[in-house]
Amino acid sequence: MLLAIDCGNTNTVFSIWDGEKFLCTLRTSTHHARTADAYFTWYSTLVKHYGIEADITDVIIASTVPRVVFNLRVFADRFFGCRPLVVGKPDCLLPVPPRIDEGTVPGPDRLANAAGAFDRHGGNVVVVDFGTATNFDVVAADGAYVGGVIAPGVNLSLEALHQGAAALPHIDVSRPEKVIGTNTVGCIQSGVYWGYSGLIEGLIARIKAEYGMPMKVVGTGGLAPLFDQADVGFDAIEDDLTMHGLTVIHRYNKENGSA
Ligand SMILES: Nc1ncnc2c1ncn2[C@@H]1O[C@H](COP(=O)(O)OP(=O)(O)OP(=O)(O)O)[C@@H](O)[C@H]1O
Ligand SMILES: CC(C)(CO)[C@@H](O)C(=O)NCCC(=O)O
Ligand SMILES: [K+]
């Protein structure tokens, strides 16, 4: 069985893949100082709690935080006796290499999104991924990741507003009915929700115009369903897209002798 690990700047997600389906998904905050033993204590407690019989033979990691990879390698080696595939490292093959400016190191999560989107939709896709940042990942007809957009994430924007403006409280993002807020919270909610909806809609329109061919738009990440309520232009919402991409990359490496 495969353990797929997606380390974002905020959260780290583990999913167990039995070759056909995900048996479970576990989430913890990302901390570079977390040791291999701490990962295993957390992991084994939850796997036992869910009553899962997991015989892990393979591990694949996509990390946007380079420093966490060392302890995750130790974790894979110590507890599963395997050398993990690390997306973005030279020994991890990609089904299709990215086509971006030389010297650019694309986020491994974006490479996984591209592989996952191509497998499900066959290219000419833009993935909109809501995490710490909101990234738009453009996947060409042949499955190559060809770039996109990085915008400040929704929760990061709210936090920045709270940090930078003494009289503004911290609030959670939600969909206000009205655009014209009549209290402070309502005004902030409108600015972030309707402002961000405009950002998404506008960027999708500009990406499509520049790309020049019909594209599918797939939303993923925790806040995708909330923004789908504003009809920003998603054709599909797939909350497991990054993880699915990791299983695709893993399978490709197995088939091509690199894992
Ligand atoms: N209505 C909401 N308001 C605020 N946050 C929400 C809401 N719904 C979901 N979330 C957040 O979305 C997160 C899940 O998003 P996701 O895993 O895509 O990104 P992340 O973990 O925040 O970022 P990264 O992947 O960059 O670490 C959850 O941690 C949750 O806090
Ligand atoms: C944009 C984020 C932060 C999104 O998780 C991540 O993919 C990243 O750190 N990327 C590196 C830069 C790039 O993708 O071009
Ligand atoms: K993510």
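This is a short tour of a predicted model, going from its two domains to its two ligands.

**Before you start.** Residues count from 1 along each chain as its sequence is written, chains are lettered from A and ligands numbered from 1 in the order in which they are written. Because this is a predicted model, local features need pLDDT of at least 70 and side-chain atom pairs count only at pLDDT 80 or more, while totals for chains, interfaces and linings use all residues; side-chain values use heavy atoms, with hydrogens and water left out.

**Stop 1: the domains.** Colour residues 2-86 as domain 1 and residues 108-244 as domain 2; these bounds come from an automatic or database domain assignment. Their C-alpha centres are 26 Å apart. Where they meet, 12 residues of domain 1 are in contact with seven residues of domain 2 (contact means heavy atoms within 4.5 Å).

**Stop 2: ligand 1.** Now select ligand 1 and show its shell, the residues with a heavy atom within 4 Å of it. You should find 13 residues, the closest being Thr10, Asn11, Arg27, Thr132 and Gly222. Both domain 1 and domain 2 give residues to this shell, so ligand 1 lies between them. By type, the shell has three nonpolar residues, nine polar and one charged. Here Ala, Val, Leu, Ile, Met, Phe, Trp, Tyr, Cys and Pro count as nonpolar, Asp, Glu, Lys and Arg as charged, and the others, Gly among them, as polar.

Next, look for pairs of N or O atoms within 3.5 Å, the cut-off for a polar contact with a ligand. Oxygen atoms of ligand 1 give you three to click on:
- Thr10, through a backbone N or O atom, at 2.8 Å
- Phe130, also through a backbone N or O atom, at 2.9 Å
- Thr132, through an N or O atom in its side chain, at 2.6 Å

On its own, ligand 1 has 630 Å² of accessible area, and the protein covers 64% of this (Shrake-Rupley method, 1.4 Å probe).

**Stop 3: ligand 2.** Move on to ligand 2 and select its neighbours: Asn9, Thr64, Val105, Pro106, Gly107, Asp109, Arg110, Asn135 and Ile150. They divide into three nonpolar, four polar and two charged residues.

Which residue offers a polar backbone atom to an oxygen atom of ligand 2? Gly107 does, at 2.8 Å. Then show side chains: a polar atom of Asp109 is 2.5 Å from a ligand 2 oxygen, and one of Arg110 is 2.9 Å from a ligand 2 oxygen. Taken alone, ligand 2 exposes 390 Å², of which the protein buries 73%.

Technical notes
Polar contact = N/O pair within 3.5 Å; in protein donor to acceptor, adjacent residues only side chain to side chain.
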